Amino acid sequence: MTNELLKKAENFIKDEDTAVLSSIDENGYPRTAAMSSIKTEGIKAIWFSTGTNSHKAKNFKRNCKASVCYYATGSNITLIGEVAIVEDMDIKKQLWVDWFIEHFPLGVTDPNYCILKFETKYIQVWLEGNFEESYLD
C-alpha cells in the first residue's frame, strides 16, 4: 500500500467517531455493532469500550477474530484483526471518557466497564476513488 494512501487512511480513521465492529457469535455467525472508537493508533490499533456482560465481550472471549469498518461519504476502511479484552486498570483510567458514566454508573471501577483493543492484521482501503489492500507486518 502506498504511504500516501496509508496516511490518508489513518487520518480518515482518526476523524471518524463511529466504527462498525464485528465479532463471531457462539453459532459462528458475524455480529455487528456500531461503536464509538475512543482511541486510535494509526491503523494498527483501535480502542473501544463495552460492558463486560455484553455480547461483544462474550464473543471476543470465545473468539478474538474481528473486523472494523469506518464509512463516510462513499469512502471506507475495512480492517481485519483480533480483539483483546483489556483488564489493566491504568489503561482503563487513561481511556475513560466522561460520557461513559451513562453506561457505567460506578465510574472507572465499575465491574461492567470493559476495554476492547483491536489490532489490525489486514487493511482494505477505498478512498477518493482509490482501492488498495494489504496485510500488515
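## Hairpin of S5 and S6

In this predicted model, two residues lie between strands S5 and S6 in their hairpin, and Thr73 has a positive phi near 35° there. The two strands run antiparallel and are joined by eight bridges, with S6 covering residues 75-86. Within this pairing, Ser67 has Ile80 of S6 as its bridge partner.

S5 also pairs with strand S1 (residues 18-24), again in the antiparallel sense, over three bridges. Here Cys69 in S5 stands opposite Val20.

## The two faces of S5

Which side chains of S5 are buried, and which are not? Strand S5 spans residues 65-72, and its side chains alternate along that run. Ala66, Val68, Tyr70 and Ala72 point to one face and are buried. Lys65, Ser67, Cys69 and Tyr71 point to the other face and are not buried. In general, side chains in a regular strand alternate between the two faces of the sheet.

The bridge partners named above can be placed on this pattern. Ser67, which pairs with Ile80, is on the face of S5 that is not buried. Cys69, which stands opposite Val20, points to that face as well.

## Helix H2

Helix H2 covers residues 55-62, and its buried residues are Lys56, Ala57, Asn59 and Phe60. They lie on the same side of H2, because they cover an arc of only 165° around the axis. On the other side of the helix, His55 and Lys61 are exposed. As a general point, an α-helix has 3.6 residues a turn, so residues three or four places apart point the same way.

The cover over the buried residues of H2 includes several strands: S1, S2 (30-36), S4 (45-51), S5, S6 and S7 (113-127). Asn59, found in H2, has a relative accessible area of 2% and is therefore buried. Leaving out residues up to four places away in sequence, Asn59 touches Ser23, Ile24, Asp25, Glu26 and Arg31.

## Aromatic pairs

The count of aromatic pairs comes to eight. Trp96 and Phe104 form a tilted pair, with 6.5 Å centre to centre and 55° between the planes. Phe104 counts as buried because its relative accessibility is 4%. Trp96 has 21% relative accessibility and so counts as partly exposed; the cut-off for buried is under 20%.

Trp99 and Phe100 form an edge-to-face pair, at 4.9 Å centre to centre with 85° between the planes. Phe100 is buried at 2% relative accessibility, whereas Trp99, at 39%, counts as partly exposed. Ring pairs link Trp96, Trp99, Phe100, Phe104 and Tyr113 into a cluster.

## Thr40 in S3

Thr40 is placed in strand S3, which consists of residues 39-41. How does Thr40 count at 25% relative accessibility, buried or partly exposed? Thr40 counts as partly exposed, because 25% is not under the 20% that buried requires.

Not counting residues up to four places away in sequence, Thr40 touches Ile13, Lys14, Ala45, Ile46 and Tyr70. Of these, Tyr70 is one of the buried side chains of S5. The C-alpha atoms of Thr40 and Ile85 are separated by 16 Å, and the two residues are 45 apart along the chain.

Technical notes:
Residues numbered from 1 in each chain as written. Predicted model: local features only at pLDDT ≥ 70, side-chain atom pairs only at ≥ 80, totals over all residues. Heavy atoms only, no water. Buried < 20%, exposed > 50% of the residue type's maximum accessible area, 1.4 Å probe, protein only. Helix = DSSP H or I, 4+ residues; strand = E, 2+ residues; numbered from the N terminus. Pairing = 2+ DSSP bridges. Arc of directions from axis to C-beta. Contact = heavy atoms within 4.5 Å. Phe/Tyr/Trp six-rings, centres within 6.5 Å; stacked < 30°, edge-to-face > 60°.
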